[in-house]
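Me: I've got a chain open here and I'd like to talk it through. Can you take my questions one at a time?

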Amino acid sequence: MSYMTSAAFNQNPSKAKKAADQQPVVITDHGEEAYVLVRYAEFAANWKRSASLLESLRDPQAADDKDFLPDRTSFEGRDVEF
């Protein structure tokens with residue numbers, strides 16, 4: 001990631017666009033990060049896509065090494081009508 005002051009961005013926005021072709025550019029305002037300039041394709045691929053149900057419900061703090069293997073349900077001995 002590269003950084004650029006808002007004054008430098010205002011003076012030469014094409015330089016910022018060329019830099020954003022390679023990697024995101026953080027634009028600072030009074031020494032604080034204020035904006036990020038990225039190519040639209042990168043934005044669409046990383047920030048605009050819909051999350052799957054699993055991604056939405058998963059706990060990011062949970063250990064990923066546990067498998068969920070519930071007991072199988074059987075309908076034997078039950079009267080089932082379709």
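Me: Let's start with the inside: what percentage of the 82 residues count as buried?
Reply: Keep in mind that this is a predicted model. A residue goes in the buried class if its relative accessible area is under 20%. Out of the 82 residues in the chain, the share that makes that class is 12%.

Me: Is the chain more spread out than a compact globule, or not, and what is its radius of gyration?
Reply: Some layout to begin with: the chain has 4 helices and 3 strands, in the order β-α-α-β-β-α-α along the sequence. For 82 residues the globule rule gives 12 Å, and the chain is well over that, so it is more spread out than a compact globule. Its C-alpha atoms fill a box of roughly 80 × 30 × 20 Å along the principal axes. The radius of gyration comes to 24 Å.

Me: Which side chains of strand S1 point to the buried face?
Reply: In a regular strand, side chains alternate between the two faces of the sheet. S1 covers residues 2-5 and does alternate. Tyr3 and Thr5 point to one face and are not buried. The buried ones, pointing to the other face, are Ser2 and Met4.

Me: And what is the bridge partner of Met4 in S2?
Reply: S2 spans residues 25-29 and runs parallel to S1, with 4 bridges joining the two. Met4 is one of the buried residues of S1. Its bridge partner in S2 is Ile27.

Me: Where does the chain have a salt bridge, and which side chains meet in it?
Reply: Side chains of opposite charge can pair when their charged atoms come close. Searching the whole structure turns up 1 salt bridge, with an N to O distance of 3.0 Å. It links distant parts of the chain, 18 residues apart: one partner sits in helix H2 (residues 13-22), the other in the loop between strand S3 (32-37) and H3. The helix partner and the loop partner are, in that order, Asp21 and Arg39.

Me: Are those two buried or partly exposed?
Reply: Partly exposed runs between the 20% and 50% cut-offs. Asp21 has a relative accessibility of 41%, so it falls in that class. Arg39 has 48%, so Arg39 is also partly exposed.

Me: One last thing: how much accessible area does the nonpolar patch of Tyr40, Phe43 and Trp47 have together?
Reply: Phe43 lies in helix H3, residues 40-46. Its relative accessibility is 33%, so Phe43 counts as partly exposed. Together with Tyr40 and Trp47, Phe43 forms a nonpolar surface patch with an accessible area of about 370 Å².

Key:
Residues numbered from 1 in each chain as written. Predicted model: local features only at pLDDT ≥ 70, side-chain atom pairs only at ≥ 80, totals over all residues. Heavy atoms only, no water. Buried < 20%, exposed > 50% of the residue type's maximum accessible area, 1.4 Å probe, protein only. Pairing = 2+ DSSP bridges. Patch = residues over 30% accessible without salt bridge, like charges linked within 9 Å, V, L, I, M, F, W, Y side chains within 5 Å. Areas by Shrake-Rupley, 256 points an atom, 1.4 Å probe, with all protein chains shown as cover. Salt bridge = Lys/Arg side-chain N within 4 Å of Asp/Glu carboxyl O. Rg over C-alpha atoms; globule rule 2.2 N^0.38 Å.
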